[in-house]
Every structure is written in structure tokens, then in C-alpha cells.
Amino acid sequence: MRECIFCRIIRKDIPSTGVYEDADIFAFYDINPIAPVHLLLIPKLHIISLAEIEEKHHTLLGKIMVLVPRLAKKEGCADGFRTIINTGYVGGQEVDHLHIHIIGGGKERLPAMIHRPN
Ligand code: AMP
Ligand code: ZN
């Protein structure tokens with residue numbers, strides 16, 4: 001089985017534009033950005049998705065969430081940003097390693113995330 005692409009990015013087997021790293025967390029630019037700032041913030045621990053989160057992860061998740069506004073502002077999201085966590089098939093998750101998208105950095109308001117059916 002081929003190894004998880006984000007684990008390979010953490011190990012630097014695959015290059016990425018990193019913006020933050022510590023013992024537990026890595027943050028880098030999305031390769032296919034939908035806005036001027038499009039970061040991915042991931043735990044170094046291979047957790048498949050938010051659906052696999054357990055009580056033992058609560059310190060790690062807290063650390064990640066505290067970093068979100070810090071990195072968003074540092075990378076240029078002065079007027080706000082959007083965070084997205086796609087989870088599982090229905091949630092549209094494509095990479096099976098928990099990640100938070102941080103999106104922003106433009107002047108315009110981002111479009112509605114999900115369009116209501118008429
Ligand atoms: P998701 O649909 O939430 O699973 O998002 C996965 C994201 O990973 C997508 O926005 C991809 O553009 C991004 N992605 C996939 N491969 C890479 C890579 N090698 N470097 C940076 N971002 C990547
Ligand atoms: Zn992984």
C-alpha cells in the first residue's frame with residue numbers, strides 16, 4: 001500500500017511550501033489553492049479524519065486550533081478567513097489524513113460554501 005501523501009510531506013519526502021512546524025504540527029500551502037492564502041494545517045500523527053478523533057487527541061486539537069488564527073493572520077488573512085475540515089466520503093475528503101484548510105487573503109467575500117437547492 002502506498003503511504004499517505006501528507007505523512008510523506010511531513011517527512012519531506014515530498015516537497016511543500018511549509019509555513020509552520022513544531023513537534024506535533026505541520027502547516028503548508030495547498031498545491032491547488034482556491035484563494036491567495038490556502039493553507040493546510042495537519043497533525044504529524046496520522047489521524048485519518050475528524051471522525052477518528054478520540055478523547056486522547058484533545059490537547060493536540062486544541063494546539064492546532066490555537067494556531068489557526070495565528071497562521072491565518074501571519075500569511076495575510078487580515079480581514080477574516082474560512083476554515084474547512086472535509087470528513088469522509090460525504091464530506092468530500094480526498095486525502096485521508098486529518099487537515100484543516102485555512103482559506104482567505106483576497107479582498108472579496110468568499111462565496112457561500114454550500115448552495116441550497118431551490
Ligand atoms: P480534501 O479534499 O479536504 O481532502 O483536501 C485535500 C487537499 O490537499 C486538496 O485541496 C489538495 O489540493 C491538497 N493537496 C493534495 N496533494 C498535495 C500536495 N502534494 N501538496 C499540497 N497540497 C496537496
Ligand atoms: Zn498520514
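Reader: Before we start, what counts as a helix or a strand here?

Author: Helices and strands are DSSP runs, a helix having at least four residues (H or I) and a strand at least two (E), and both are numbered from the N terminus. Please note that this is a predicted model.

Reader: Understood. Which elements each supply at least two residues of the lining of the largest pocket?

Author: There are three such elements: helix H1, covering 5–11, strand S2, covering 25–29, and strand S3, covering 37–43. Of the elements, H1 gives the most to that lining, namely three residues.

Reader: What is the volume of the largest pocket, and which residues lie nearest its centre?

Author: Its volume is about 450 Å³. The lining comprises 22 residues, and those nearest the centre are Phe6, Asp30, Ile31, Leu40 and Val95.

Reader: How do the residues of that lining divide into nonpolar, polar and charged?

Author: Eleven are nonpolar, nine are polar and two are charged.

Reader: Turning to ligand 1, which pocket is the space it takes?

Author: Ligand 1 takes the space of the largest pocket. H1 and S2 are the elements that give two or more residues to the shell around the ligand, and H1 has the largest share there, with three residues.

Reader: How many residues surround ligand 1, and which are the closest?

Author: The ligand is surrounded by 16 residues, of which Asp30, Asn86, Glu94, His99 and His101 are the closest. By class, this shell has eight nonpolar, six polar and two charged residues.

Reader: What is 2.5 Å from an N or O atom in the side chain of Asp30?

Author: That is an oxygen atom of ligand 1. The side chain of His101 also has an N or O atom at 2.8 Å from an oxygen atom of the ligand. At Ile31 the partner is a polar backbone atom, which lies 3.1 Å from a nitrogen atom of ligand 1.

Reader: And how much of the accessible area of ligand 1 does the protein cover?

Author: On its own the ligand has 510 Å² of accessible area, and the protein covers 86% of it.

Reader: A change of topic: what is the volume of the second largest pocket, and which residues lie nearest its centre?

Author: That pocket has a volume of about 260 Å³. It is lined by 17 residues, with Gly80, Gly104, Gly105, Gly106 and Glu108 nearest the centre.

Reader: Which strands each supply at least two residues of its lining?

Author: Strand S4, covering 81–84, and strand S5, covering 100–104, each do so. The lining of the second largest pocket has seven nonpolar, five polar and five charged residues.

Methods: Residues are numbered from 1 along each chain as its sequence is written. Chains are lettered from A and ligands numbered from 1 in the order in which they are written. This is a predicted model: local features need pLDDT of at least 70, side-chain atom pairs count only at pLDDT 80 or more; totals for chains, interfaces and linings use all residues. Side-chain values use heavy atoms; hydrogens and water are left out. On a 1 Å grid over the protein atoms alone, a cavity is a set of points where a 1.4 Å probe fits but cannot get out, and a pocket is an open set with protein on both sides within 12 Å along at least five of seven lines; lining residues have an atom within 4 Å of a point. Grid points are joined across faces, edges and corners, and a volume is the space filled by probe spheres set on the points. Ala, Val, Leu, Ile, Met, Phe, Trp, Tyr, Cys and Pro count as nonpolar, Asp, Glu, Lys and Arg as charged, and the others, Gly among them, as polar. A residue is near a molecule or strand if one of its heavy atoms lies within 4 Å of it. A polar contact is a pair of N or O atoms within 3.5 Å; within protein, one must be able to donate a hydrogen and the other to accept it, and residues adjacent in sequence count only if both atoms are side-chain atoms. Accessible areas come from the Shrake-Rupley method with a 1.4 Å probe; for residues, only the protein chains shown count as cover. A molecule sits in a cavity or pocket if more than half of its atoms lie within 2 Å of its grid points.
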